[in-house]
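Student: Please take me through one part of this model closely, starting from a single residue and working outwards. I'd like it as one connected account.

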Amino acid sequence: MKPDPKDIIVAHGPSRRKQNLMLMIGIAIVVVITAWRAEVDIPTLIRDLPEGIARSQGFLIPDMSAFPKLTGSAFYTLLLALIPTPIGIILAFLFAILASANLVPAPVRNVTRGIITMKRALPEYVTMIFMAAALGLGALPGIAAIAVGTIGMLSKIFADAIEEIDERQFDSFDCIGASYWQKIRYLVIPAIMPTIVAQSFFRIELNMRAAGLLGAVGAGGIGYEITRSMMALEYERVSTAIIVTLIFIFIIEKVSDFMRRKILADEKESLTK
Amino acid sequence: MSKTSATALPYDHPSRKNKVLLYAIGGIILFEFLAFLFFYLKNSNNNPFRLITDFHHVLNLIPEMMPPNFHLLFGSWDLWLNMTETLSMAFLGTLFGGILAFFLCFMAAKNTAPLPFLYPLARTTLAILRVAPDYAIMLIIVIAVGFGPFAGTLAIIVGSTGMFGKFFADAVEHTEKGEIEGVSTVGADWFQSIRYGILPQVLPSFVANMCFFFEINLGAAIALGVFGGGGLGFHLNIANDSLNYRDMFAYLIVILLMRISTEWISDKGRNFIFKEGALLR
């Protein structure tokens, strides 16, 4: 007997239109509450925006005489982002091994996962405050903070990638008598290499943003220049600094896109051959 | 094996792979050495070994933070209201950034740009929005609306519009051509071909991206508080500046709780969208 089409619709609960409506109403309520908490004030914005734009006209005329010095600061920030990235990736890989169920016993895995979660939840800015309280302001606490953030983010992604490896592959390595380290070298590393490459280059971009922010709270570099010029109302200089940042990030994006594509293509070639 | 000559080892030969890995590691070590040398010559305070020799200073902070200020945590609602402020900034920033990016992304995608000159224009706009640092945007907005969570919210909206715009436009460019052609064949105009040809394909990835970036925006909301954006970051900064480490620990506990629980929720949300196909029907 064929089921009545009406029954099928009833079995699926309320109709799609009704679900969408309920979702919209729910989102609207949350928006109203959050708008109240975030002190959203549209009338003030509309009233004062023209004045704000008029006052910030300095942004339109970048101060090109500061260009060489700001390029130096941007290079500083770039190094601030690049130094902790490989350190973070290598440490994240070690943490990932300790956090995957198919390589270590369950208690070790759960403890490591807890540590990783704590690390990820700590904003880079907070880590920076801690390090700066002990080591003084400068590049060093910034590097340490970005490295900790990188470890927290990447080790979870790597560990998830390791846990997705098929159990039978481990069995076959056991069959030919591979040791623990051989398993990691010839099974785990090749399996998560595409993830490592893709995430690492994306991470460099995120770290560049973080480095700018940390620079503003004491690590130096272009972030420091931007906040200082902003406080001194030197909008022309801020405008130049933003242009320099744009150029740097644009170059990084292009290079990392190129490298990622090249390395991933090589990996694919070596897998298919 | 066709590409291997008599002298060269096959590409996937273990010794060659080891060699590539060794070169990569060697290059990284050389780069780290040179970069640290650069920082050390700039300022001898930046000696990386200080991270190990002076690490006891970091550990010395822990007794000063104990115990956390319980009065702040449980005595009044202020701390928790500050938390909702930060959460609201991140939520509104993600939602409205997503909505703005949703309208921009179809102009920034090659296959749906209504006019050819709009494509590079929209892409450049998104790149500028994405690259301009959050705190710089906020300091500009502060000129208009003054310090407070509203300025932080607007800064997050601008920053995440740039981020989402790029991700959304890439997703739109990677859609199947056949569905758009199929819809246009039956006489759909530009809006209809997007609504019925592209939207069903990209909506899950849009929402998953927004779930993911809610977490990142939460971090940004805390950081913007430092520059006067209000919320937890603002109070954390004040506690730090006045060396009130016990207050600071209380704020840290709340930040950790907030981040861990939102990450759990957004993980569940993403799994729901992809596994249950809530938006795919």
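**Around a core residue of chain B**

Tutor: Let's begin with I141(B), which touches A151(B), L154(B) and A155(B), leaving aside residues up to four places away in sequence; touching, or contact, asks for C-beta atoms, placed from the backbone, within 7 Å. Please keep in mind that this is a predicted model, in which local features need pLDDT of at least 70 and side-chain atom pairs count only at pLDDT 80 or more, while totals for chains, interfaces and linings use all residues. Residues are numbered from 1 along each chain as its sequence is written, and chains are lettered from A and ligands numbered from 1 in the order in which they are written.

I141(B) belongs to the largest nonpolar core, which has 135 residues. A nonpolar core here is a set of buried Ala, Val, Leu, Ile, Met, Phe, Trp, Tyr and Cys residues joined through C-beta atoms within 7 Å. A residue is buried with 20 or more other C-beta atoms within 10 Å of its own, exposed with 12 or fewer, and partly exposed in between, with C-beta atoms placed from the backbone. I141(B) is one of the residues that touch the most other members, along with A136(B), M138(B), Y125(A) and L214(A). Helix α10 (residues 190-229) of chain B gives the most to this core, with 15 residues. In soluble globular proteins, nonpolar side chains tend to be buried together.

Both chains are in that list, so let's turn to where they meet. The contact takes 56 residues from chain A and 51 from chain B. On the chain B side, 34 of the residues that touch chain A are nonpolar, ten are polar and seven are charged; Ala, Val, Leu, Ile, Met, Phe, Trp, Tyr, Cys and Pro count as nonpolar, Asp, Glu, Lys and Arg as charged, and the others, Gly among them, as polar.

Now for chain B as a whole. Its secondary structure comes to twelve helices and zero strands, where helices (H or I, at least four residues) and strands (E, at least two) are DSSP runs, numbered from the N terminus. The radius of gyration of chain B is 25 Å, well over the 19 Å that the globule rule gives for 281 residues, so chain B is more spread out than a compact globule; the radius is taken over C-alpha atoms, and the rule is 2.2 Å times the number of residues to the power 0.38. Along the principal axes, the C-alpha trace of chain B spans about 70 × 65 × 40 Å. Buried residues come to 38% of the 281 in chain B. Of the contacts in chain B with a separation of 6 or more, 69% are between residues 24 or more positions apart.

Chain A, the partner, has twelve helices and zero strands. Its radius of gyration is 25 Å, whereas a compact globule of 273 residues would have one near 19 Å. Of the 273 residues in chain A, 39% are buried. Helix α9 (residues 167-175) of chain A is hardly covered, with zero buried residues among its nine. Just after α9(A), G177(A) takes a positive phi of about 75 degrees. D257(A), in helix α12 (residues 235-272) of chain A, counts as exposed because it has 11 C-beta neighbours inside 10 Å.

Key. Contact = placed C-beta atoms within 7 Å.
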